[in-house]
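Let's take a friendly walk through a protein, one part at a time. Keep the picture open while you read, and look for each residue as it comes up.

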Amino acid sequence: MRKSVYLLISAILLTTAIGCSNQNPATNSNKSEQNTDTTITQENKNASDIQNVTQIATQFKQTEFEVSDYHKEITPDWVEQRKSKLEPLTTTNFLKKQTDNRRIALPLEIASLEKTTLSLEDLQIQEKNTTKESIELTYSGTLVLKDKNEKIPLEGQLTFLKENDTWKVNNDLYNVEKLQEILDKHK
């Protein structure tokens, strides 16, 4: 009788252990599938954000540097026109900073002093760092002073933040000293 009780208890324990071990993989597998779906969704969102921000970066840099008429004077109207073109691409604070420090007028100043049109060529943009709050991109390109047949290499980093649920340029650090050299030689 004792052997039967031991055998019965062993069978119950073994059945329980097998049943429990079969339940865990199904539960873990389900959780793993949910994590994979979340990861894929997040990756798709990040890729979409990066693509969107890269387009904004390209538009921003082209708008900032291309000057087709160097005969224009830097007037308050011209500054307002430039601001209105850059406004949808930049945060409010960054645009104010660019206007206050006259960086917004730098390309026109160079074009006027050098008596040439400007264009931005070979713009290459790469992702540097991405978080939920910001995206950083690095870029390189060539500022071409068309009539002077001169090329200035540009390298920099753009930082994007969300403003009103839209990614916008919040900072642009680049080798501005190359452009400052041009201004300095006309002083």
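## A word to know before starting

A residue is called buried when its relative accessible area is under 20%, exposed when that figure is over 50%, and partly exposed in between. Try the rule on L120, a residue found in strand β1. L120 has a relative accessibility of 9%, so it counts as buried. Please keep in mind that what you see is a predicted model.

## The whole chain

With the word "buried" in hand, we can look at the protein as a whole. It has 187 residues, and 34% of them count as buried. Its accessible surface comes to about 12200 Å², with 48% of that belonging to carbon and sulfur atoms.

How many helices and strands are there? The protein holds five helices and four strands. Reading along the sequence gives the pattern α-α-α-α-β-β-β-β-α. Contacts also join parts of the chain that are far from each other in sequence: among contacts between residues at least 6 apart, 60% join residues at least 24 apart.

## The first pair of strands

Strand β1 covers residues 118-130 and strand β2 covers residues 134-145. The two run antiparallel and are joined by ten bridges. Together β1 and β2 make a hairpin, with three residues between them. To find a matching pair on the two strands, look for Q126, which stands opposite T138 in β2.

## Two buried residues of β1

Let's return to L120. Which residues does L120 contact, leaving aside its neighbours within four places in sequence? They are K61, Q62, F65, E66, T142, L143 and L154. You can also compare L120 with K151: 31 residues separate them in sequence, while their C-alpha atoms are 9.6 Å apart in space.

S119 lies in strand β1 too. Is S119 buried or exposed? Its relative accessible area is 11%, and the cut-off for buried is under 20%, so S119 is buried. Not counting residues up to four places away in sequence, S119 touches E66, T142, L143, V144 and K146.

## The second pair of strands

Strands β3 (150-163) and β4 (166-174) come next. These two pair in the antiparallel sense over eight bridges. Here the residue to look for is K162, which stands opposite W167 in β4. β3 and β4 form a hairpin with two residues between the strands, where N164 takes a positive phi near 55°.

D165 sits in the loop between β3 and β4. D165 has a positive phi of about 65°, although it is not a glycine. Its relative accessibility is 70%, so D165 counts as exposed.

A further loop, between β2 and β3, is the place of N149. N149 is not a glycine either, yet it has a positive phi of about 55°. At 70% relative accessibility, N149 counts as exposed.

## Helix α4

An α-helix has 3.6 residues a turn, so residues three or four places apart point the same way. With that in mind, have a look at helix α4, which spans residues 106-114. Which residues of α4 are buried? They are L106, P107, L108, I110, A111 and E114. Just after α4 comes K115, with a positive phi of about 50°.

## The largest pocket

The largest pocket holds about 240 Å³ of space. T63, E66, V67, S68, D69, K72, W78, Q81, R82, K85 and L108 line this pocket. By kind, the lining residues divide into three nonpolar, three polar and five charged. Where does the largest share of the lining come from? Helix α2 (residues 76-86) gives that share, with four residues.

Some of these names link back to earlier parts of the tour. E66 lines the pocket and is also among the contacts of L120 and of S119. L108, another lining residue, is one of the buried residues of α4.

S68 is part of the lining as well. This residue is found in the loop between α1 (2-65) and α2. With a relative accessibility of 69%, S68 counts as exposed. S68 and L118 are 50 residues apart in sequence, and their C-alpha atoms are 6.6 Å apart in space.

Conventions
Residues are numbered from 1 along each chain as its sequence is written. This is a predicted model: local features need pLDDT of at least 70, side-chain atom pairs count only at pLDDT 80 or more; totals for chains, interfaces and linings use all residues. Side-chain values use heavy atoms; hydrogens and water are left out. On a 1 Å grid over the protein atoms alone, a cavity is a set of points where a 1.4 Å probe fits but cannot get out, and a pocket is an open set with protein on both sides within 12 Å along at least five of seven lines; lining residues have an atom within 4 Å of a point. Grid points are joined across faces, edges and corners, and a volume is the space filled by probe spheres set on the points. Ala, Val, Leu, Ile, Met, Phe, Trp, Tyr, Cys and Pro count as nonpolar, Asp, Glu, Lys and Arg as charged, and the others, Gly among them, as polar. Buried means under 20% relative accessible area, exposed over 50%, partly exposed in between (1.4 Å probe, protein chains only). Two strands pair if DSSP finds at least two bridges between them. Contact means heavy atoms within 4.5 Å. Accessible areas come from the Shrake-Rupley method with a 1.4 Å probe; for residues, only the protein chains shown count as cover.
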